[in-house]
Amino acid sequence: MQEFVKLLGLDVRSNNNNQRAGIWDGNEIIFEESKWELITLAKLIYKYGTQLFSLNRYTSSILNKFEKIYHLQDAGYSFINISSLMLAINAEFPRILQISIKNELLNLGYSEKLIDEIVKTTVVVDFGQDTNVHSFVGFVSLAGAGSNLWSVRGGNKKVPEHLIYRNKNVNVIPSHVIKVVNMLTNGTKNLYEVHYSNKDSTVIMKSVYDIIIIATPLIHDQEFPITFEGFPKNDFYSTGKYHETIATFIKADLKPYYFGLEEEIDNILSCNPNKTIISALGRLNSVEGTMKNSRVWKIFSNKPLKSEIMNEMFSNIKEVQQISWKAYPEYSSKIHEASFKLHNALYHVNAIEWVASAMEMSAISGRNVALLAYNDFVQKYCSKKFETVQENSDENTPSTEL
């Protein structure tokens, strides 16, 4: 993502380090940051001991190992499924996909209190789930709790928008893909026919492609399902499920005493969403970074918030919007295999989400699929062209001149 930002000449908006957060268990705030960083650090050590530093170092070591993927991709390597990708990065990584973050940290000697409060909070906030998620996604959550976070000024969506619309070779057709048909041909060439329609039209249009890259989750309950026909296996849909998250945006004044606070703070993070109802609540500032002390709040929850709950949490409510979306997979330590390559020239970017769901992961997966498609295409077609040229040369040219 940093390379994209640099390439596109976009500006980075740093994380607001002046904001304060508290961890809420439904009864009380069990930890609250101070306005002074040193006091916050002292409070953390007093409550959780020095294991926090060890956990931070261990999380960093996992991320440092994962950075090998950039060197592999720079060298042109590509991978057909998540197991081969993770194994190539580090021989230990397939194992941590099959053990929960709680069990992994318990085995490493970390206290249950630290896991159930700090680690669980990061998983709840990032993925709306518990510490039974597999260890790699747990470490991604812990990394997201760091202070060196950043975003793109004007909104992170600027990255894909600019990557698409600045490329003159990309033709965007606003439509819904309905069906992908594997066209059987007598030759070795593989062709796919895509059926699609415009949003406001019932007319079905068709186009034929050499390569198709799917960049949407393939789950059975998705809003706009795609039918596959003519393939040896027509069902490419995952047996897993995606976690439904509700994002509620509310313009109002926070009631601190509802959370057991004496004064307003910027972020309230849950370590027990079954009791707190919400996963996280935070002050939402402008993507331009120009607004401070906004009265707009963003709430993540696993179920839609009822008006009674919102009235208990807020006063002077001016506006409310709720958006529901399947944000990321339902993680467990029984991870199923997910493939980047579904058929000869049919690829799937979102397979990476079963390892972890984040913008950087999607960028890595997008590059993997691009390399995979390129390597397959060169091997299948360019080598045949070379063989044809060589055959013609053999017929018309003495071997001593080859």
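Trainee: Let's start with a side chain: is Arg367 buried, exposed or partly exposed?

Mentor: Keep in mind that this is a predicted model. Arg367 has a relative accessible area of 34%. Buried would need under 20% and exposed over 50%, so Arg367 comes out as partly exposed.

Trainee: Which residue does Arg367 form a salt bridge with?

Mentor: The partner's side chain is exposed, with a relative accessible area of 56%. In this pair the closest N and O atoms are 3.0 Å apart, inside the 4 Å cut-off for a salt bridge. The partner is Asp74.

Trainee: How many residues apart in sequence are the parts that Asp74 and Arg367 tie together?

Mentor: Look at where the two ends sit. Asp74 belongs to helix H4 (residues 68-74), while Arg367 belongs to helix H13 (residues 359-396). The pair therefore ties together parts whose separation in sequence is 293 residues.

Trainee: And how many salt bridges does the structure hold?

Mentor: Side chains of opposite charge can pair when their charged atoms come close. Asp74 with Arg367 is one such pair, and Glu112 with Lys102 is another, at 3.2 Å from N to O. For the structure, the number of salt bridges is 16.

Trainee: Which helix does Lys102 lie in?

Mentor: Its partner Glu112, partly exposed at 44% relative accessible area, lies in helix H8. The bridge ties together parts that are 10 residues apart in sequence. Lys102 itself lies in H7 (residues 101-107).

Trainee: What about Asp266 and Arg283: are these two buried or exposed?

Mentor: Their side chains meet in a salt bridge at 2.8 Å, N to O. Asp266 lies in the loop between strand E10 (242-254) and strand E11 (267-270), and Arg283 in strand E12 (residues 278-283). Relative accessible area is 12% for Asp266 and 10% for Arg283. With the cut-off at under 20%, Asp266 counts as buried, and Arg283 is likewise buried.

Trainee: Which helix gives the most to the largest nonpolar core?

Mentor: That core has 69 residues, and Phe66, Met86, Phe136, Phe228 and Leu346 touch the most other members. The top helix contributes six residues and spans residues 112-127. That's helix H8.

Trainee: Leaving out residues up to four places away in sequence, which residues does Phe228 touch?

Mentor: Phe228 is among the core members that touch the most others. With those sequence neighbours set aside, its contacts are Val180, Ile214, Leu218, Asn234, Phe236, Tyr237 and Leu346.

Trainee: Is Ile219 buried or exposed?

Mentor: Ile219 is found in the loop between strand E8 (212-214) and strand E9 (227-229). Setting aside residues up to four places away in sequence, it touches Tyr237, Gly240, Tyr242 and Lys326. Its relative accessibility is 3%, and the cut-off is under 20%, so Ile219 counts as buried.

Trainee: How far apart in space are Ile219 and Gly230?

Mentor: In sequence they are 11 residues apart. Going from C-alpha to C-alpha, the distance in space is 20 Å.

Trainee: Last one: in E14, which residue is the bridge partner of Leu254?

Mentor: E10 pairs in the antiparallel sense with strand E13 (residues 296-301) over six bridges, where Lys251 has Val296 as its partner. E10 also pairs with E14 (residues 314-329), again in the antiparallel sense, over 12 bridges. In E14, the partner of Leu254 is Phe314.

Key. Residues are numbered from 1 along each chain as its sequence is written. This is a predicted model: local features need pLDDT of at least 70, side-chain atom pairs count only at pLDDT 80 or more; totals for chains, interfaces and linings use all residues. Side-chain values use heavy atoms; hydrogens and water are left out. A nonpolar core is a set of buried Ala, Val, Leu, Ile, Met, Phe, Trp, Tyr and Cys residues joined through side-chain atoms within 4.5 Å. Buried means under 20% relative accessible area, exposed over 50%, partly exposed in between (1.4 Å probe, protein chains only). Helices (H or I, at least four residues) and strands (E, at least two) are DSSP runs, numbered from the N terminus. Contact means heavy atoms within 4.5 Å. Two strands pair if DSSP finds at least two bridges between them.
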